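Got the model open in your viewer? Switch on side chains and keep the selection tool handy, and we'll walk through it stop by stop.

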Amino acid sequence: NVFDCENITIANNTFKSKLSFTGESGYGIELHDSPNSSVVNNLFYDTGRNIYPYLDTDSLSESGLEVDYNCHFMSNGIAPAGNPYPNDLWQVNPQLVNVSDNDFRLKSNSPLIDAGKEVADVPNDYESLPRPQQTGYDISDGLFKGFQVFT
């Protein structure tokens, strides 16, 4: 949840949930009173339980909102709730190294590689390597392993 944050950029993140999550909400990101925000190059993996879209906004947050080049994938094969934004990869398997071991690095054949857009606010990836590494910017950063997963 993001509250009262004008001009926030949420870029190159991996949001992972469990299909069995039973909490009050299942959105990946909720924007409240946060105009002129940007949500780009993120991976949403199993967020929303096929009920909630990956992004929920109130009317103030819709003002100046940029949502682009995200991937929303549900491992149960059922399409995500909501509709894709421009340039989203919708129900496209991101080809991660080992989801069950919390290794969200992108495999070399991942369709997320070179599929994003340049985000000036994020010049380096998770391992502090400059972007881009190949011909384009990746969706997600995916370059981490072994963190705590909250459900």
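Start by selecting K117 and E66: their side chains meet in a salt bridge, with N and O 2.5 Å apart. Keep in mind as you look around that this is a predicted model. The pair ties together distant parts of the chain, 51 residues apart: E66 belongs to strand β8 (residues 66–68), while K117 is in the segment after β12. Now colour by accessibility. K117 has a relative accessible area of 24%, so it counts as partly exposed. E66 comes in at 28%, so it is partly exposed too.

How many salt bridges does a search of the whole structure find? The count is 3, so there are other stops to make.

Next, pick K16 and D46. Here the side chains form a salt bridge with an N to O distance of 3.9 Å; the cut-off is 4 Å, so the pair makes the list. This is another link between distant parts of the chain, with 30 residues separating the partners. K16 sits in strand β3 (residues 14–16), and D46 is in the loop between β6 (43–45) and β7 (55–57). Is each partner buried or partly exposed? D46 is buried, because its relative accessible area is just 4% and the limit for buried is under 20%. K16, at 21%, is partly exposed.

Now move along to strand β12, which covers residues 103–106, and select D103. Add R105 to the selection: R105 forms a salt bridge with D103, and the closest N and O atoms are 2.6 Å apart. The two side chains also count as making a polar contact, listed at 2.6 Å. Check the surface around each partner. D103 has a relative accessibility of 4%, so it is buried, whereas R105 is partly exposed at 34%.

For the last stop, select the cysteines C5 and C71. What would a disulfide be? It is a covalent bond between the sulfur atoms of two cysteines. Don't expect to find one here, though: a search of the whole structure turns up 0 disulfides. While you have them selected, look at how accessible these cysteines are. C71 is buried, because its relative accessibility is 0%. C5 is partly exposed, with a relative accessible area of 30%.

Methods. Residues numbered from 1 in each chain as written. Predicted model: local features only at pLDDT ≥ 70, side-chain atom pairs only at ≥ 80, totals over all residues. Heavy atoms only, no water. Helix = DSSP H or I, 4+ residues; strand = E, 2+ residues; numbered from the N terminus. Buried < 20%, exposed > 50% of the residue type's maximum accessible area, 1.4 Å probe, protein only. Polar contact = N/O pair within 3.5 Å; in protein donor to acceptor, adjacent residues only side chain to side chain. Disulfide = S-S within 2.5 Å.
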